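Q: Please take a close look at chain B of this model. Where can its coordinates be trusted, and how do its aromatic rings pair?

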Amino acid sequence: MGAKGATLTAALTYSGIVFAGSIPIWITALLSSALRGAGNVNVPALVIFLGALILILLSPAVILG
Amino acid sequence: MTDMSRPGSTTGSSPVRDVPQDVLAGPIIPTMLRLALPTTVVLVVQTFVGVAETYFISFLGTDALAGVTLVFPVLMLMQMMSNGGIGGGIASAVARALALVATAMPTRWSGIRSFWPAFSAPSSRLRPFSADRSSISRWEQRERL
């Protein structure tokens, strides 16, 4: 996609790590969709909200080392 | 499926027991708005998480930021395929199957009985699974015994 050098290396490293987590992403999305279809919209929202909270707290430590 | 008007008998472990009543037999627009609110809030929260992550990545330099931005559209496509595309299909299929079971089963909710004639035509046309008719008639036979 037109990337060279250090940008390409960073993109490949990031995509390798982030797409390794695609199976949990799919499982979460499909199970929360089943819950939403059953009329329970609060549990998927709560799960994703807690995940976002953990992500916000951890990402400075994980990204900046 | 013909004797919908007979008084309902409550069964302990029906699959529609945990479904909120207004989802099955409530006003459509307010129920949809109430169901859409938590998911919309979650999407806004996820957007802000993405902004915060991009801010943290910016400390790593231009190359890292460019690399992440390059992967982002592909990642977004995958997430929207799982959440919006196939997830929306799953939510729709589960909701229609539950509506079908709820309308075919005699329950304690009297509102479903008034809901049934309005919904019977589309639900028989848009039946999500072809095995539903036979499974429900089997269920009804068991219920009559």
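A: Chain B has a mean pLDDT of 72, with 59% of its residues at 70 or more; pLDDT is the predictor's confidence in each residue, from 0 to 100. This is a predicted model: local features need pLDDT of at least 70, side-chain atom pairs count only at pLDDT 80 or more, and totals for chains, interfaces and linings use all residues. Residues are numbered from 1 along each chain as its sequence is written, chains are lettered from A and ligands numbered from 1 in the order written, and side-chain values use heavy atoms, without hydrogens and water.

Confidence in chain B peaks in helix H2(B), residues 28-57, at a mean of 89. It is lowest in helix H4(B), residues 111-125, at 47. Helices here are DSSP runs (H or I, at least four residues), numbered from the N terminus. Residues 1-12 of chain B stay under 50, with 24 contacts (heavy atoms within 4.5 Å) beyond four places in sequence. Residues 110-132 of chain B are also below 50, and have 31 contacts beyond near neighbours in sequence. Where pLDDT is low, predicted coordinates should not be read in detail.

Now the rings. The structure holds two aromatic pairs over all chains. Rings of Phe, Tyr and Trp (its six-membered ring) pair if their centres lie within 6.5 Å; planes under 30 degrees apart are stacked, over 60 edge-to-face, the rest tilted. B:Tyr55 and B:Phe56 have centres 5.9 Å apart and planes at 55°, so this pair is tilted. B:Tyr55 and B:Phe59 have centres 5.1 Å apart and planes at 75°, so that pair is edge-to-face. Ring pairs thus link B:Tyr55, B:Phe56 and B:Phe59 into a cluster. B:Phe56 is buried (under 20% relative accessible area, 1.4 Å probe, protein chains only; exposed is over 50%, partly exposed in between), at 15%.

Terms used: Helix = DSSP H or I, 4+ residues; strand = E, 2+ residues; numbered from the N terminus.
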